[in-house]
Amino acid sequence: AEGGPAGEDELIAAQYSGKEDMKAWYDRLIAEVSKFGEDVELAPKKSYVSLRRAKQFGIIQPSTKSRMDLGLNLKGAKASGVLIEGDKWSGMCSHRIEIHGPEDISAEVIDWLRKAYQTAG
């Protein structure tokens, strides 16, 4: 409805306005997380997309024109490799992974994303 809240597609389109190359990174992450189970819920917000299961386990946020952040709820996990610990840029996220290009979406990143999903069940 005109004047009503933005729909999910409009929210995502607005997030990647001026950052169109990063939309492919988002699509790839969503394709990967969708393989984890049928209980994955996507909840687009104004500046990020929330990833939920029984509870929220992550967010995908195009933070700058050249960096996407993958925030994960992995309380108790030690920082390792790409995983940054204790960077409280989001109240829910205990950890963050910076993505600067499609090559940064590695098997390690998908493994951390899967661990966050598994702990949210």
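Which side chain does the side chain of His-95 join in a polar contact of 2.7 Å? The partner is Ser-94; a polar contact here is a pair of N or O atoms within 3.5 Å, where, within protein, one atom must be able to donate a hydrogen and the other to accept it, and residues adjacent in sequence count only if both atoms are side-chain atoms. The model is a predicted one, with local features needing pLDDT of at least 70 and side-chain atom pairs counting only at pLDDT 80 or more, while totals for chains, interfaces and linings use all residues. Residues are numbered from 1 along each chain as its sequence is written, and side-chain values use heavy atoms, with hydrogens and water left out.

His-95 also reaches the backbone oxygen of Leu-74 with its side chain, at 3.5 Å. This histidine is found in strand 6 (helices, H or I of at least four residues, and strands, E of at least two, are DSSP runs numbered from the N terminus). With 1% relative accessibility, His-95 counts as buried; the cut-offs are under 20% relative accessible area for buried, over 50% for exposed and in between for partly exposed, using a 1.4 Å probe and protein chains only. Leaving aside neighbours within four places in sequence, its contacts (heavy atoms within 4.5 Å) include Leu-70, Leu-72, Ala-77 and Leu-83.

Strand 6 itself, residues 95-99, is mostly covered, with four of its five residues buried. Strand 4 (residues 68-72) runs antiparallel to strand 6 and is joined to it by five bridges; strands pair if DSSP finds at least two bridges between them. Strand 5 (residues 84-85) also pairs with strand 6 in the antiparallel sense, over two bridges, and here Glu-85 stands opposite His-95. On the strand 4 side, Asp-69 has Glu-98 of strand 6 as its bridge partner.

Asp-69 turns up again among the salt bridges, of which the structure holds eight (a side-chain nitrogen of Lys or Arg within 4 Å of a carboxyl oxygen of Asp or Glu). Its salt bridge with Arg-67 has the closest N and O atoms 2.8 Å apart. Asp-69 is buried at 2% relative accessible area, whereas Arg-67 is partly exposed at 22%. Salt bridges that share partners join these two with Arg-96 and Glu-98 into one network. Elsewhere, Lys-23 and Asp-27 meet in a salt bridge of 2.6 Å, N to O; both lie in helix 2, four residues apart, or about one turn of the helix.

Then there are the rings. The whole structure has three aromatic pairs, meaning rings of Phe, Tyr and Trp (its six-membered ring) with centres within 6.5 Å, called stacked with planes under 30 degrees apart, edge-to-face over 60 and tilted for the rest. Tyr-16 and Tyr-26 form a tilted pair, because their planes lie at 45°, with ring centres 5.6 Å apart. Tyr-16 is buried at 3% relative accessible area, and Tyr-26 is buried at 4%. Phe-57 and Tyr-117 also have centres 5.6 Å apart, but with planes at 80°, so this pair is edge-to-face. Phe-57 lies in strand 3 (residues 56-62) and Tyr-117 in helix 3 (residues 107-119), so the pair ties together parts that are 60 residues apart in sequence. Ring pairs link these two and Phe-36 into a cluster.

Tyr-117 has a charged neighbour too: the charged end of Arg-53 sits over its ring, 4.0 Å from the centre (NZ of Lys or CZ of Arg within 6 Å of the ring centre and within 35 degrees of the ring normal). Arg-53 forms a salt bridge with Asp-39 as well, the closest N and O atoms being 2.5 Å apart.
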